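Colleague: I should like to go through this structure and ask on what grounds each description rests. Please set each value against its criterion before drawing a conclusion.

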Protein chains: 2
Amino acid sequence: MAPKNVFYAQSGGVTAVINTTACGVIETARKHRDRIGKVYAGKNGILGALTEELIDTSRETASTISALRHTPGGAFGSCRYKLKSFAENRAEYIRLIDVFRAHNIGYFFYNGGGDSQDTANKVAQLSDAMGYPITSIGIPKTVDNDLPCTDNSPGFGSVAKYVAVSIKEAGLDVASMSESSTKIFVLEVMGRHAGWIAAAAGLAKEEDGDPPHIILFPEIDFDTTRFLNKVKQTVRRIGYCVIVSSEGAHYKDATFIADAGLKDAFGHPQLGGVAPVLADMIKTAHGYKCHWSVADYLQRSARHIASATDVAQAYAVGEAAVEFALDGKNAVMPIIVRLPGKKYRWRIGEAPLEKVANVERMMPRSYISRDGFGITGKCREYLFPLIAGEDYPPYRNGLPRYARLKKIMVEKKLKKFSV
Amino acid sequence: MAPKNVFYAQSGGVTAVINTTACGVIETARKHRDRIGKVYAGKNGILGALTEELIDTSRETASTISALRHTPGGAFGSCRYKLKSFAENRAEYIRLIDVFRAHNIGYFFYNGGGDSQDTANKVAQLSDAMGYPITSIGIPKTVDNDLPCTDNSPGFGSVAKYVAVSIKEAGLDVASMSESSTKIFVLEVMGRHAGWIAAAAGLAKEEDGDPPHIILFPEIDFDTTRFLNKVKQTVRRIGYCVIVSSEGAHYKDATFIADAGLKDAFGHPQLGGVAPVLADMIKTAHGYKCHWSVADYLQRSARHIASATDVAQAYAVGEAAVEFALDGKNAVMPIIVRLPGKKYRWRIGEAPLEKVANVERMMPRSYISRDGFGITGKCREYLFPLIAGEDYPPYRNGLPRYARLKKIMVEKKLKKFSV
């Protein structure tokens, strides 16, 4: 009998290194041709399994697959689609099994955050619940760094490095201009519920007085008066003030700062953006000239400044997923385990999916300074190793050479299915 | 008699490589100790000359000065202060001469854009107008690339590279998510009057269908209907649409898109931002899910992804300024001259300050595609060499090691002067 094929899919917001994980999965599977057939990648995540849109990665050359290691975005497409429970939508699970059976798929690798690990966990139960033998391994990925059990989540280290480097650079810019012009710079970063990305900006501060001077976390309720006072004190002491805010920073009543009522000319609420709201607030209160930036997708796709540690870990979790499957494991996720000792060392461990699914890990209070506007030494100790090392992509004509896939689809065998 | 000292100052918005130019000036001056005394840097540009706040660069070590080569921002502080004419404010010129005389300054090097070259030109006339012998050399710098006479302006190549790399990366991100989520990404870049920076994003497009799909230039009047149609066509054809807009993009009546009436909760006009306005416009018209980013200072301080060509040219204009002065030249600015031939080669030339001062160079119409939403082959040919090569700063603990100056001030000899 032909060895079973793999279904691999990318889920949720993509990162600078989710393709590195894909590379780890595919290259490792190719080393075990006796026991693993082809790796089929779902087009647009789990949707590709439901619609039977499978990209045949065996049609890509070794050098294209190798180039995935340094290519940002999600090469096979991603989605924000969450499978319902068996009870709610049994038809979807039946369809998954039909597709898996039609294409001899015995391994399900799902690369994503907390929601995706829930999906992987549900698929793992298909063997028992529906009598189809499938090995399901979740693979961690999220810039938000909010997965439990693991030391950190692949994708986070690179966005952390981008944010720390960017704020170090922009801080020097503001400092140059502050005496006669701009005194305030606000950078908005991702993080709807957890402040890990904003926290990483704190790594740029090497000496007293260095930027960033204020960090706003979703974990700390926003207080306008305290914030505006801190801004004024900082400008008086340092001459300027650099602020980093999580997009999810909010008031005590849970209202996002970004939802503070910005309206367009027609009175429609304006699309988000905490940075302009904060800049407006400061300008109105203190009259300082402000500049602001919203990094948005630039931060999570910035492969050009990826963390070498993050790249290595992203590859390792992909590799481990295949090895776990070959070892007969099921319903688990490879995790990063930080080893004891002063020098940062890590190894791959494992966590059961039921412990990972749908759990969000916030910043511990001990990582946030007492005044709520910065990070502690403990937090810096945790974060620094994650941004260590540079892993530059190759360049041609001044631009990174990113992988271009042929994306040849596997021939469909089933009837159409509407999602 | 002691050789004359140099006054060097940084003016206007800073760049990723203006300190590279400072490094070129100081290192070259140090090679000619027989003919050039010390290099005094104005604290906050020309303001430092007026207030007699001079930073003694001779107190910095060779390795600190060398590190300026890879340090973004303006190490000595910059300003947006324009000297008035002799007639309007003779007192300022008398003060400049008093400061120059008190500190034996015989060379004036002013590093900036069009306004700053005007200042350098006025100072050059001091010799004749006020009987004080001074050699004044302008040194080009502006991310806007709008200086005339020179092939390009140091500072531009690096922001161009940042924008092209970022849009290539973010484009891959949007493409991954477009089928089930975000279909639109808008990046706002600098350029109040000239669209050069936005144009550079166009370099990311290597094949038909690649992002960016729409570029908005200040040189082309914005037409809402044409824009929204182009967005819809692009989404229908490609599945998503990546837009890059100059901050200065405007309607036919000169109203900035960014000023389209965004108001905060109190009805105050909101601080700029063309990206959120465009995203809002698209969401309202077509209902697409949009993401947007405002790069702001991140783009012009992004030394981590500087263009090697830009770094080399920024150093060369600093070096040339000193050499010009030693050659007895006055009232000139070193320029970049592009040599004929298929391979990009350049040399340093010179232009009289009177031809440079206060002239803004816009994008030629032949560089913008017929529909006004993209760049032409001719433009690509011009731009590509300017982003060529990487020049990474050194890193420690995952972060770039940027220069920290002691900034020891020269002792004041004169009475206080109020600016």
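Modeller: Let us begin with helix α4 of chain B, whose buried residues are B:Tyr93, B:Leu96, B:Val99 and B:Phe100. Please bear in mind that this is a predicted model.

Colleague: How do you know that these residues are on the same side of α4(B)?

Modeller: The buried residues of α4(B) cover an arc of only 120° around the axis, and therefore they are placed on the same side of the helix. In general, an α-helix has 3.6 residues a turn, so residues three or four places apart point the same way.

Colleague: What do the buried residues of α4(B) pack against?

Modeller: Their partners in chain B are β1 (5-10), α2 (46-50), β4 (105-112), α5 (114-124) and α6 (126-130).

Colleague: How do you know what α4(B) should span, and what is the distance between its end C-alpha atoms?

Modeller: The helix runs over residues 90-102, which is 13 residues, and at 1.5 Å a residue the expected span is 18 Å. The expectation counts one less than the number of residues. The end C-alpha atoms of α4(B) are 18 Å apart, so the model agrees with the expectation. Just after this helix, B:Asn104 adopts a positive phi of about 55°.

Colleague: What makes α12(B) largely enclosed by the rest of the structure?

Modeller: Of its 19 residues, 14 are buried, and therefore the helix is described as largely enclosed. Its span follows the expectation as well: residues 308-326 should cover 27 Å, and the end C-alpha atoms are 27 Å apart. α12(B) is followed by B:Gly328, with a positive phi near 80°.

Colleague: Why is B:Gly113 called buried?

Modeller: The criterion is 20 or more other C-beta atoms within 10 Å. B:Gly113 has 24, so it counts as buried. This residue is in the loop between β4 and α5 of chain B. Leaving aside residues up to four places away in sequence, it touches B:Gly12, B:Lys141, B:Thr142, B:Asp144 and B:Leu147.

Colleague: Why is B:Tyr395 called partly exposed?

Modeller: A residue is exposed at 12 or fewer neighbours and buried at 20 or more, with partly exposed in between. B:Tyr395 has 17 C-beta neighbours inside 10 Å, and therefore it counts as partly exposed. The residue belongs to strand β12 (residues 395-396) of chain B. Apart from residues up to four places away in sequence, it touches A:Glu390, B:Pro400 and B:Arg401. B:Tyr395 and B:His304 are 91 residues apart in sequence, with their C-alpha atoms 9.8 Å apart.

Colleague: What makes the phi of A:Ala254 and that of B:Asn358 worth a remark?

Modeller: Most residues other than glycine have a negative phi. A:Ala254 is not a glycine, yet its phi is positive, near 80°. B:Asn358 is likewise not a glycine, and its phi is positive at about 65°. A:Ala254 lies in the loop between β8 (241-246) and α10 (274-286) of chain A, and B:Asn358 in the loop between α13 (353-356) and α14 (377-383) of chain B.

Colleague: Are A:Ala254 and B:Asn358 buried or exposed?

Modeller: The limit for an exposed residue is 12 or fewer other C-beta atoms within 10 Å. A:Ala254 has 7, so it is exposed. B:Asn358 has 12, and so it is exposed too.

Colleague: Which peptide bonds are cis, with what omega?

Modeller: One of them runs from A:Pro211 to A:Pro212, with omega near 0°. Another joins B:Pro211 and B:Pro212, with omega about -5°. A:Pro212 is in the loop between α8 (196-201) and β7 (214-216) of chain A. B:Pro212 is in the loop between α8 (196-201) and β7 (214-216) of chain B.

Colleague: How do you know that a two-fold axis relates the chains?

Modeller: A turn of 180° and a shift of 0.0 Å along the axis lay chain B on chain A with an RMSD of 0.0 Å. That is the relation of a two-fold axis. The same surface serves both copies, as 100% of the contact residues of chain B recur in chain A.

Colleague: How many residues are in contact between the chains?

Modeller: 72 residues of chain B are in contact with 72 residues of chain A. α7(B) gives the most to the side of chain B that touches chain A, with 13 residues. By class, that side has 36 nonpolar, 22 polar and 14 charged residues.

Technical notes:
Residues are numbered from 1 along each chain as its sequence is written. Chains are lettered from A and ligands numbered from 1 in the order in which they are written. This is a predicted model: local features need pLDDT of at least 70, side-chain atom pairs count only at pLDDT 80 or more; totals for chains, interfaces and linings use all residues. Two residues are in contact if their C-beta atoms, placed from the backbone, lie within 7 Å. Helices (H or I, at least four residues) and strands (E, at least two) are DSSP runs, numbered from the N terminus. Ala, Val, Leu, Ile, Met, Phe, Trp, Tyr, Cys and Pro count as nonpolar, Asp, Glu, Lys and Arg as charged, and the others, Gly among them, as polar. The arc is that of the directions from the helix axis to the C-beta atoms. Copies are superposed by least squares on the C-alpha atoms of residues with pLDDT of at least 70 in both.
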